[in-house]
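Trainee: Please take a close look at the start of the chain for me, and set it against the rest of the fold.

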Amino acid sequence: MTESTPPTPQARPEARTEARTAASPFADLDVHTAYAAWKLRQDVFVVEQRDPYDDLDGRDTEPATRHVTLHVAGDERLLGIARVLDDGAELRIGRVVLHPDARGRGLSAPLMHACLEACEALDAEAGLRRDVVLGAQSPLVGFYGGFGFVVDGEEYLDGHIPHRPMRLARG
């Protein structure tokens with residue numbers, strides 16, 4: 001099943017100028033950034049969304065995993081984080097999260113653009129061009145569709161939150 005996709009989301013002009021992203025393997029994360037990442041994921045996914053899950057699943061430390069961080073000028077806090085995983089035949093974007101203070105400021109688009117750039121870089125290193133997949137919370141299907149992702153399966157529950165598998169065909 002596929003759904004039509006709207007044009008690629010663009011960050012609002014003020015978000016483009018203030019957003020600062022980086023993609024790093026686990027070994028390159030400083031201890032403060034790593035702590036802030038795990039804390040942010042816990043605060044949003046476990047506490048705010050009331051969805052206890054096994055966050056520390058062993059994938060964060062894999063050599064090919066890239067942690068995509070989001071900061072803004074004038075604020076030293078980590079305001080967004082996502083991870084890009086190498087699943088062999090495809091790449092996977094997951095654990096996409098924004099701090100509550102970052103929402104509604106046009107910062108999710110720069111974070112996703114940085115994730116897709118990390119996918120491009122991983123494929124360039126490997127001499128590949130693989131599809132990118134993710135599990136979108138169902139209300140966010142349209143947002144991810146703006147980046148070219150299409151629904152690629154039936155809705156499922158991740159904890160108690162409905163999700164849809166999505167795929168960006170690049171292969």
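**The chain start and the fold around it**

Mentor: Let's set the scene with contacts (heavy atoms within 4.5 Å): among those in the protein chain between residues at least 6 apart in sequence, 64% join residues at least 24 apart. Bear in mind that this is a predicted model, where local features need pLDDT of at least 70, side-chain atom pairs count only at pLDDT 80 or more, and totals for chains, interfaces and linings use all residues. Numbering runs from 1 along each chain as its sequence is written, and side-chain values use heavy atoms, with hydrogens and water left out.

Now your bit. The pLDDT (the predictor's confidence in each residue, from 0 to 100) stays under 50 over residues 1-8, and it stays under 50 over residues 11-16 too. The model still gives residues 1-8 20 contacts beyond four places in sequence, while residues 11-16 have eleven of that kind. Don't lean on those, though: where pLDDT is low, the predicted coordinates should not be read in detail.

As for the whole chain, the average pLDDT is 91, and 90% of the residues score at least 70. There are four helices and eight strands (DSSP runs of H or I, at least four residues, and of E, at least two), arranged α-β-α-β-β-β-α-β-α-β-β-β along the sequence. The C-alpha trace spans about 40 × 35 × 35 Å along its principal axes. Of the 171 residues, 44% count as buried, meaning under 20% relative accessible area (1.4 Å probe, protein chains only).

Conventions. Buried < 20%, exposed > 50% of the residue type's maximum accessible area, 1.4 Å probe, protein only.
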